[in-house]
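The report below reads a protein model from its overall fold down to single residues. It begins with the order of the elements, then turns to the interior, the surface opening and a few chosen positions.

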Amino acid sequence: MEFKLISFIRDGLQNFFVRRNPNLIERMNHPCETAQFIAVRRNPLLIGSINNPTEKVQSEVIKNNPGLITLLDEPCEAAQYIAISNDPFVLSLIDTTEDVRLAAIKSNPENIKFITEPSERIQSVSYTHLRAHETSAHL
């Protein structure tokens, strides 16, 4: 018998169960945000087992462990920004939005090397920002 019933219990009981065994978060259909935080603070790898982790939970885990973004099926944009600002290599590991890619390029034009198949827009922004950095370096 599956433990899916945990999804229907009140938040306080979810928190109680997850404190006793963080792995129980894997069996909850809709865990409350507090239970999610309890689980990932005990074991950040559980982020990949949580059904629809909240943006706050994703962001906290990714802030300390950017590579764990690969465990998320659909990382929120905020978590993508955090991961890439902490480790640009993440650009090569996940499918990011165009806005996230642009932000990465604007922060450091050399981040283009981590983007597979950059769009023309990304390439032009990278070139423009790279030239601007070179110009300011020579002033």
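Helices here are DSSP runs of type H or I with at least four residues, and strands are E runs of at least two, both numbered from the N terminus. The model is a predicted one, and on those terms the protein reads α-α-α-α-α-α along its sequence, with six helices and zero strands.

**Overall picture**

Of the 139 residues in the protein, 37% are buried. The exposed area comes to about 8500 Å², of which carbon and sulfur atoms supply 50%. When contacts between residues at least 6 apart in sequence are considered, 13% of them join residues at least 24 apart.

**The nonpolar core**

The largest nonpolar core has 30 residues, and those with the most contacts inside it are Val18, Ile25, Ile47, Ile62 and Ile69. Helices α2, α3, α4 (77-86) and α5 (98-107) each supply at least two residues of this core, and the largest share, five residues, comes from α2. Within α2, the buried residues are Ala35, Gln36, Phe37, Ile38, Ala39 and Val40, and what covers them includes α1 (11-20) and α3.

Ile47 deserves a separate look, since this residue appears among those with the most contacts inside the core. Leaving out residues up to four places away in sequence, Ile47 touches Val40, Pro53, Val57, Gln58, Val61, Leu68, Leu71 and Leu72.

**The largest pocket**

Ile47 also belongs to the lining of the largest pocket, together with Gly48, Ser49, Ile50, Asn51, Asn52, Pro53, Gln58, Leu71, Leu72, Asp73 and Glu74. The volume of this pocket is about 220 Å³, and its lining consists of five nonpolar, five polar and two charged residues.

Asn52, one of these lining residues, lies in the loop between α2 (33-42) and α3 (55-64). Its phi is near 55°, which is a positive value in a residue other than glycine.

**Three positions compared**

Which of the classes buried, partly exposed and exposed does each of three chosen residues fall into? The table sets out their places and relative accessible areas.

| Residue | Place | Relative accessible area | Class |
|---|---|---|---|
| Asn52 | loop between α2 and α3 | 57% | exposed |
| Phe17 | helix α1 | 31% | partly exposed |
| Val90 | loop between α4 and α5 | 1% | buried |

The classes follow from two cut-offs, because buried means under 20% relative accessible area and exposed means over 50%, with partly exposed in between. Asn52 is therefore counted as exposed at 57%, Phe17 is partly exposed at 31%, and Val90 is buried at 1%.

Val90, although found in a loop, is in contact with Pro66, Ile69, Ala83 and Ile84 once its neighbours within four places in sequence are left aside. Of these partners, Ile69 is also named among the residues with the most contacts inside the largest nonpolar core. The C-alpha atoms of Val90 and Gln80, which are ten residues apart along the chain, are separated by 8.6 Å.

For Phe17, which has its place in helix α1, the C-alpha to C-alpha distance to Ala35 is 8.6 Å, with their positions 18 residues apart in sequence. Ala35 is in turn one of the buried residues of α2, and α1 is included in what covers those buried residues.

Methods
Residues numbered from 1 in each chain as written. Predicted model: local features only at pLDDT ≥ 70, side-chain atom pairs only at ≥ 80, totals over all residues. Heavy atoms only, no water. Buried < 20%, exposed > 50% of the residue type's maximum accessible area, 1.4 Å probe, protein only. Contact = heavy atoms within 4.5 Å. Areas by Shrake-Rupley, 256 points an atom, 1.4 Å probe, with all protein chains shown as cover. 1 Å grid on protein atoms, 1.4 Å probe; cavity = no way out; pocket = protein on both sides within 12 Å on 5 of 7 lines; lining within 4 Å. Points joined across faces, edges and corners; volume = space filled by probe spheres on them. Nonpolar A, V, L, I, M, F, W, Y, C, P; charged D, E, K, R; others polar. Core = buried A, V, L, I, M, F, W, Y, C linked by side-chain atoms within 4.5 Å.
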